[in-house]
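Please look through the structure shown below before reading on. The text after it is meant to be read with the structure in view.

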Amino acid sequence: MSHFTPSQGRRIRGRVKDMFIIDQPRVHILQVTLLSDEQDRITCGVRYAWHARNKPAEIVASKVMALKIEGKWKLDGEQLKAIQREPSHSDYAVGDAGALPV
């Protein structure tokens with residue numbers, strides 16, 4: 001939770017904790033595009049592979065906001081834009097996260 005702003009951390013703590021305990025996901029960042037850049041706030045377009053145990057992989061496109069707090073960037077929110085579900089989930093047991101279909 002140290003990667004999130006305090007307010008975002010409070011909003012998502014329970015949901016994220018359960019998600020990582022139950023699903024044990026692999027996350028692989030595929031692309032990051034800077035959309036806006038201010039001194040203490042940035043917004044990026046992010047595309048990543050999310051692969052939870054026993055579930056098909058998903059390619060997620062989202063808009064991610066971050067704030068600079070005490071000299072460090074902290075995630076402050078995410079707006080999901082699109083999710084593409086892959087037809088197979090067999091890659092979870094073999095290979096690394098980089099081997100996910102894109």
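The paragraphs below go from the overall layout to single residues.

This is a predicted model, in which local features need pLDDT of at least 70 and side-chain atom pairs count only at pLDDT 80 or more, while totals for chains, interfaces and linings use all residues. Residues are numbered from 1 along each chain as its sequence is written, and side-chain values use heavy atoms, with hydrogens and water left out.

The secondary structure consists of one helix and four strands. Here helices (H or I, at least four residues) and strands (E, at least two) are DSSP runs, numbered from the N terminus. Read from the N terminus, the order of elements is α-β-β-β-β. Of the 102 residues in the protein, 32% are buried; buried means under 20% relative accessible area, exposed means over 50%, and partly exposed lies in between (1.4 Å probe, protein chains only). The protein exposes about 6,900 Å², and carbon and sulfur atoms supply 52% of that area. Accessible areas come from the Shrake-Rupley method with a 1.4 Å probe, and for residues only the protein chains shown count as cover. Contacts, meaning heavy atoms within 4.5 Å, can also be sorted by separation in sequence. Among contacts between residues at least 6 apart in sequence, 46% join residues at least 24 apart.

Strand S3 covers residues 58-69 and begins with a charged residue that has a partner in strand S4. How many salt bridges does the rule give? The count comes to one salt bridge, where the rule asks for a side-chain nitrogen of Lys or Arg within 4 Å of a carboxyl oxygen of Asp or Glu. The pair is Glu-58 and Arg-85, with 3.2 Å from N to O. Glu-58 lies in strand S3 and Arg-85 in strand S4, so the salt bridge ties together parts that are 27 residues apart in sequence. Glu-58 is buried, at 16% relative accessible area, whereas Arg-85 is exposed, at 57%. In general, side chains of opposite charge can pair when their charged atoms come close.Two further residues of strand S3 are Ile-59 and Val-60. Ile-59 is buried, with a relative accessible area of 6%. The C-alpha atoms of Ile-59 and Arg-85 are 6.4 Å apart in space, although the two residues are 26 apart in sequence. Val-60 is buried as well, with a relative accessible area of 4%. From Val-60 to Leu-80, 20 residues along the chain, the C-alpha distance is 7.4 Å. Leaving out residues up to four places away in sequence, Val-60 touches Val-46, Arg-47, Tyr-48, Trp-50, Leu-80, Ala-82 and Ile-83.

Strand S4 (residues 72-85) also holds Lys-74 and Asp-76. For charge, Lys and Arg count as positive and Asp and Glu as negative, while His and the chain ends are not counted. Lys-74 is buried but has no salt bridge, and the nearest side chain of opposite charge, that of Glu-70, is 7.3 Å away. What lies 2.6 Å from a polar atom of the Lys-74 side chain? It is the backbone oxygen of Ser-2. Beyond four places in sequence, the residues that Lys-74 touches include Ser-2, His-3, Phe-4, Thr-5 and Met-65.

Asp-76 is likewise buried without a salt bridge, and its nearest side chain of opposite charge is Arg-11, 4.1 Å away. The side chain of Asp-76 makes a polar contact of 2.6 Å with the side chain of Thr-5. A polar contact is a pair of N or O atoms within 3.5 Å; within protein, one must be able to donate a hydrogen and the other to accept it, and residues adjacent in sequence count only if both atoms are side-chain atoms. Outside its neighbours within four places in sequence, Asp-76 is in contact with Thr-5, Ser-7, Gln-8, Arg-11, Met-65, Ala-66 and Leu-67.

Next come two loop residues. Most residues other than glycine have a negative phi. Asn-54, in the loop between strand S2 (41-51) and S3, has a positive phi near 60°. Asn-54 is exposed, with a relative accessible area of 61%. Glu-70, in the loop between S3 and S4, has a positive phi of about 50° and is not a glycine. Glu-70 is exposed at 81% relative accessibility.

The last feature is on the surface. Phe-20, Val-27, Ile-29 and Val-32 form a nonpolar patch with about 350 Å² of accessible area together. Patches are made of residues with over 30% relative accessible area and no salt bridge; like charges are joined within 9 Å, and nonpolar side chains (Val, Leu, Ile, Met, Phe, Trp, Tyr) within 5 Å. Strand S1 (residues 26-37) gives the largest share of the patch, three residues. Val-27 is in strand S1 and is partly exposed, with a relative accessible area of 39%.
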